[in-house]
Amino acid sequence: MTSGTAGDTTAKTWLPHVLMGAGILYFLVPLLWVVIAATKSQPDLLDSPALWFADFNLLENIEQLFHEDGGVYGGWLVNTALYSGLSALGATALAAAAGYGLARFTFLGKRFFETALLGMIMVPATALVLPTYLILSELDLVNTMWAVVLPSLLSPFGAYLVRVYVDESVPAELIDAARIDRASELRIFWQIVLPMMRPALVTVFLFTLVATWNNYFLPLVMLSDADLYPLTVGLTTWFNTAQQDAGNRMLFNLVVTGSLLAIVPLVIAFVLLQRFWRSGAAAGALK
Amino acid sequence: MTRSSPITAPAADDLPPSPRPVEHRPRRKPRRVTEHPVAGALFVLPFFLVVVAFLVVPLGYAFWLSLSSKSLALGTRFTGIGNYVRAFTDPVLLDGLLRVVLFGLVQIPVMLGIALAGALTLDAVTTRFALAFRLIAFMPYAVPAVVGALMWGFLYSRTFGPFADLPTLVGGDPIDFFSSSLLLVSLGNIVTWAWTGYNMIILYSALQGVPREMYEAAVIDGATPVQIALRVKVPAIRQAISLAVIFTVIGTMQFFTEPQIMARFAPQVSAGYTPNLYAYNQAFAYSDFNYSAALSFALGFLVFVVAYAFVFVSRRRGARS
């Protein structure tokens, strides 16, 4: 609000609040549905009202979820965390070093590389997946975790973000002063620059983490062994089975409960880390 | 929709080259302060290697593969641009391309329009309710596209969802969200649900960076909040808006996950429903890797050119005004 008393405020803002209320309802309904549906047994899932509770069956669903197919769901959960954690760590480390190198050094080909970096951001990721699959299959690397982790290390945007951030927030004079004190380049990077770019690094880490956690196309193409699947690919295979069996086996309730458990960690992380998302958005300096 | 590029985007101008004058220092002091070409290159090297291995080489390999064809009778032989001629005369691909373009022409303005309205509202209204709205609108971004598509698939279906049977309460016919006439709308809703909040946060962050002085005078002159929003704030974040458009276009052209999941609910989602789905099926259903490589390369190139042209045009426009 720009001005005025509290009464003034309520009088002027009822319309935006009604619209925001409608928005909250729209964004929340599917999430509410999955929470409610995860508490239902398969028969209740089919027969009871969709947006209200029936018999509380959540704990049985979770127990069954982790036992179905020899407990493969737990493996998918671990795989997802492992792939996205490794990818995010690696991509952030690469972006940190490259962003610093581009912002505070000059070397042959730097300008060309910086121009190319902007172009790389525009290359659609999925166009790279099939060719990468063909190359990795020549190298016998498909159907391993590296086929998912290594291509996920590529984050031109991350390098770009760090570069912009270093330019604005890490004074060149500070680095020069450390050089006069005869600190090694590696030590300057590790002890001075890295702590200063923490906000940008958290942002890059979170983006890569979410992108890999939610990725479907890459693991779908790269992996054929069910034990290696992340949650996204695993849940769709269960869903296919559930569709084909037309409800003979208790699988729909597991797909729903499995979906819920797949999104809970990220939603919690989002709510807790919201300020980093916004600071990341601001760090890109859209001015 | 798949999207790899996160929230923010390149700034308005090209990266300014940091001018580092070469320093002339006496010989006995060998450590120059501002230029360390070897160290700098070493910092960039690991990233550069990943770029080569997972961007340059795959694109090159795809292009090389796309120049030959494989058949049982003739084996692998060089066919030049044959695969590209085939692609751009392939009615399945052209159908899919047209479908995605039509989809984008409707879905992108609707989604970004809502996102912009939401961002302007958040910028003007700072109640706790607005805070809750901001948080909840962003939540779908944390939901994997697969799970989002599955959830909406369930919600659309007559057996699981509450919506399809709503018209029967007043004596109407149930809605078939998977019918040919509604399928694109149903898909559009899934994408809108997933990405509106994300775009809203980008635009909201850009609005937060607009200096208050820019519209203080307008406030004193008695301009309404809506006038200020449309005449001052929207032009001030034009750059952020066009970047949101670019990244949404890039994401839409790669449309894959939602239609692929929806195919389980709606059998008319064919192997060539979107170009990316077609490229995938050429490789994994028909084992035609050469044609698939050509499709991937052509699609990537097309997206790249469209995105770059858009950046170029919006920059020139920005420079003129």
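The expected span of a helix is 1.5 Å times one less than its number of residues. Helix 6 of chain A, residues 110-121, puts that rule to use in this predicted model. Its 12 residues should span 16 Å, and its end C-alpha atoms are 17 Å apart, so the two values agree.

Helix 6 of chain A also has two faces. A:Phe113, A:Leu117 and A:Ile121 are buried. These residues cover an arc of only 75 degrees around the axis, which puts them on the same side of the helix. A:Phe112 and A:Thr115 are exposed on the other side. What do the buried residues of helix 6 of chain A pack against? Their partner is helix 9 of chain A, residues 156-169.

Now step back to the whole chain. Chain A has 16 helices and 0 strands. Of its 287 residues, 47% are buried. Take the contacts in chain A between residues at least 6 apart in sequence: 73% of them join residues at least 24 apart.

One helix pair shows such packing in detail. Two packed helices are described by the angle between their axes and the distance between the axes. Helix 5 (residues 68-104) and helix 12 (residues 198-214) of chain A have axes that come within 8 Å and cross at roughly 145 degrees. The crossing of helix 5 of chain A past helix 12 of chain A is right-handed. On the helix 5 side, the contact includes A:Tyr83, A:Ser84, A:Ser87, A:Ala88 and A:Ala91. From helix 12 of chain A come, among others, A:Leu201, A:Val204, A:Phe205 and A:Trp213. By class, this contact has 10 nonpolar, 6 polar and no charged residues.

Next, look at two backbone angles. Most residues other than glycine have a negative phi, and most peptide bonds are trans. A:Asp69 has a positive phi of about 55 degrees, although it is not a glycine. A:Asp69 lies in helix 5 of chain A. Because A:Asp69 has 13 other C-beta atoms within 10 Å, it is partly exposed. A:Asp140 also has a positive phi, of about 60 degrees, and is not a glycine. Where does A:Asp140 lie? A:Asp140 is in the loop between helix 7 (125-138) and helix 8 of chain A. Is A:Asp140 buried or exposed? With 8 C-beta neighbours inside 10 Å, A:Asp140 counts as exposed.

Follow the chain from that loop into helix 8 of chain A, residues 146-152, where A:Ala147 is found. A:Ala147 has 22 C-beta neighbours inside 10 Å, so it counts as buried. Leaving out residues up to four places away in sequence, A:Ala147 touches A:Leu136, A:Leu141, A:Val142, A:Met222 and A:Leu223. A:Leu136 is 11 residues from A:Ala147 in sequence, and their C-alpha atoms are 7.1 Å apart.

Chain B comes next. It has 12 helices and 2 strands. Read along the sequence, the pattern is α-β-β-α-α-α-α-α-α-α-α-α-α-α. Chain B has 321 residues, and 44% of them are buried. Among contacts in chain B with a separation of 6 or more, 67% involve residues 24 or more positions apart.

Finally, bring the chains together. Their contact takes 90 residues from chain A and 95 residues from chain B. Helix 2 (residues 14-37) of chain A gives the largest share of the side of chain A that touches chain B, 11 residues. By class, that side of chain A has 66 nonpolar, 17 polar and 7 charged residues.

Methods: Residues numbered from 1 in each chain as written. Chains lettered and ligands numbered in written order. Predicted model: local features only at pLDDT ≥ 70, side-chain atom pairs only at ≥ 80, totals over all residues. Contact = placed C-beta atoms within 7 Å. Helix = DSSP H or I, 4+ residues; strand = E, 2+ residues; numbered from the N terminus. Nonpolar A, V, L, I, M, F, W, Y, C, P; charged D, E, K, R; others polar. Axes fitted to C-alpha atoms, helices over the stretch in contact; angles between N-to-C directions. Left-handed = near helix turned anticlockwise from the far one by under 90°. Buried ≥ 20, exposed ≤ 12 C-beta atoms within 10 Å, placed from the backbone. Arc of directions from axis to C-beta.
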